[in-house]
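The following report describes selected local features of a single protein model. Please consult the sequence and coordinates alongside the text.

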Amino acid sequence: MAHYRSLGDVPPKRHTQHRDASGALYAEELMGAEGFTGDSSLLYHRGSPSAITAAEVWELPDQATVPNHPLKPRHLRLHDLFPDPADIDVVTGRRLLLGNADVRISYVVAHRESPLYRDAAGDEVVFIESGAARVETVFGALPARRGDYVLLPASTTHRWIPLGEEPLRAYVIESSSHIAPPHRYLSRFGQFLEHAPYCERDLHGPAEVLLADGSEVEVLVKHRTARGIAGTRMVYARHPFDVVGWDGCLYPLTFDIADFEPITGRVHQPPPVHQVFAGSGFVICNFVPRKVDYHPLAIPVPYSHSNTDSDEVMFYCGGDYEARKGSGIGLGSISLHPGGHAHGPQPGAAERSLGAERFEETAVMVDTFAPLGLGEGGLACEDPEYAWSWA
């Protein structure tokens with residue numbers, strides 16, 4: 001997103017000599033999206049960011065999916081997946097829940113520091129369900145806590161360091177494209193407009209560069225190949241966090257879901273009013289505590305709707321979701337409502353909602369425009385009775 005920042009030591013003119021106190025030339029790296037036509041940043045390294053000494057195959061966590069066939073709505077209980085997270089990290093411990101060619105959704109519960117990692121296949125958005133972490137990146141460090149989205153642009157080298165005794169529960173949205181605010185929220189120059197439910201003040205980037213030292217450092221890289229997604233373990237001649245300064249409009253950031261200002265109306269508003277980010281082939285939406293519909297005859301819970309062009313994935317992570325009472329869904333649940341199935345509130349939910357003034361719920365929704373398959377993590381925690389809960 002086009003929001004310029006500068007951090008650390010950068011020269012007054014780009015692509016010009018920039019030297020340390022001893023006269024050694026820093027290595028300039030352009031990190032950019034969409035070739036040379038998208039947002040970018042310039043980073044200044046003490047050593048060459050290209051210097052690798054070894055590369056070998058890294059086997060990714062299980063990426064296989066099976067079709068949602070026979071077609072039916074699904075309920076996944078994520079809190080059943082990790083009974084003992086003591087020796088798990090946020091990168092290698094992910095378990096795939098749902099996925100297609102555009103987006104993959106995983107879940108992990110971790111106590112251990114992750115290896116250095118770079119997703120070169122697309123941007124990642126990681127939602128922190130609970131716990132806290134320090135996310136160290138080539139741009140600097142980000143604090144992350146409950147309710148934060150951590151947005152990591154493609155090819156951002158980083159690692160996750162959980163903090164405190166509570167395990168870090170992370171809901172991971174991996175894209176095969178770039179993730180940004182919806183175009184309708186932005187001016188033609190990229191500034192957030194007045195009707196947008198959040199703005200630049202709500203986005204938090206690194207506060208200082210790390211200036212790490214070290215040599216022969218391993219980095220796990222997820223990347224594209226001619227046959228799909230693969231993993232490589234690269235060994236770098238020196239630590240990639242050797243950046244003395246950077247500037248530009250491409251960098252990692254955090255956004256607290258509590259800073260999203262809900263848009264409400266006299267009658268029920270459609271899901272696009274909850275949108276926070278967009279990728280190629282999918283959108284991400286927030287459902288947060290809010291005043292609900294205030295027409296005297298309003299029905300606050302959603303009406304039944306047919307997903308004719310999309311699969312809807314709702315992750316319930318706070319409060320009490322009115323439309324799903326009586327279905328077994330609770331905190332840590334995912335509901336998958338696929339294209340081709342008309343879904344709506346559980347029996348009795350519409351009547352119970354009449355007269356409500358507020359909903360105290362927090363949920364993250366991903367809508368995709370291609371069918372989602374089920375990963376091994378999703379199959380392992382499915383509630384087989386959910387599909388019949390309307391009957």
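In this predicted model, the second largest cavity is lined by Ile263, Thr264, His268, Gln269, His274, Arg290, Lys291, Val292, Asp293 and Pro300. By class, this lining comprises three nonpolar, four polar and three charged residues. The volume of the second largest cavity is about 80 Å³.

The structure holds three cavities of 30 Å³ or more. The largest cavity contains about 110 Å³ of space. Its lining is formed by Trp58, Leu60, Pro61, Gln63, Val91, Arg94, Arg95, Leu96, Ser106, Tyr117, Glu174 and Lys222. Those residues divide into six nonpolar, two polar and four charged. In general, empty space of this kind is revealed by rolling a probe the size of a water molecule over the atoms. The two cavities are set out in the table below.

| Cavity | Volume | Nonpolar lining residues | Polar lining residues | Charged lining residues |
|---|---|---|---|---|
| Largest | about 110 Å³ | six | two | four |
| Second largest | about 80 Å³ | three | four | three |

Attention now turns to the strands. An open sheet is built from four strands in the order β1-β18-β3-β2, with antiparallel pairing. Its edge strands are β1 (5–8) and β2 (27–32), each of which pairs on one side only. On average, neighbouring strands of this sheet are turned by 15° against each other, direction ignored. As a general matter, strands of a sheet pair through backbone hydrogen bonds, either parallel or antiparallel.

Within the sheet, β2 pairs with strand β3 (residues 40–45) in the antiparallel sense over six bridges. Leu30 stands opposite Leu42 in β3. The loop between β2 and β3 contains Glu34. Although Glu34 is not a glycine, it has a positive phi of about 55°.

A further backbone feature occurs at Pro70, which is placed in the loop between β4 (52–57) and β5 (74–77). His69 and Pro70 are joined by a cis peptide bond, with omega about 5°. For context, most residues other than glycine have a negative phi, and most peptide bonds are trans.

Finally, which strand holds Arg159? Arg159 lies in strand β13 (residues 158–163). The side chain of Arg159 makes a polar contact with the side chain of Glu136 at 2.8 Å. Leaving aside residues up to four places away in sequence, Arg159 touches Glu113, Ser114, Pro115, Leu116, Arg134, Val135, Glu136 and Phe241. Glu136 thus appears both in this list of contacts and as the polar partner of the Arg159 side chain.

Notes. Residues are numbered from 1 along each chain as its sequence is written. This is a predicted model: local features need pLDDT of at least 70, side-chain atom pairs count only at pLDDT 80 or more; totals for chains, interfaces and linings use all residues. Side-chain values use heavy atoms; hydrogens and water are left out. Two strands pair if DSSP finds at least two bridges between them. Helices (H or I, at least four residues) and strands (E, at least two) are DSSP runs, numbered from the N terminus. Axes are lines fitted to C-alpha atoms, for helices over the stretch in contact, and angles run from 0 to 180 degrees between N-to-C directions. A polar contact is a pair of N or O atoms within 3.5 Å; within protein, one must be able to donate a hydrogen and the other to accept it, and residues adjacent in sequence count only if both atoms are side-chain atoms. Contact means heavy atoms within 4.5 Å. On a 1 Å grid over the protein atoms alone, a cavity is a set of points where a 1.4 Å probe fits but cannot get out, and a pocket is an open set with protein on both sides within 12 Å along at least five of seven lines; lining residues have an atom within 4 Å of a point. Grid points are joined across faces, edges and corners, and a volume is the space filled by probe spheres set on the points. Ala, Val, Leu, Ile, Met, Phe, Trp, Tyr, Cys and Pro count as nonpolar, Asp, Glu, Lys and Arg as charged, and the others, Gly among them, as polar.
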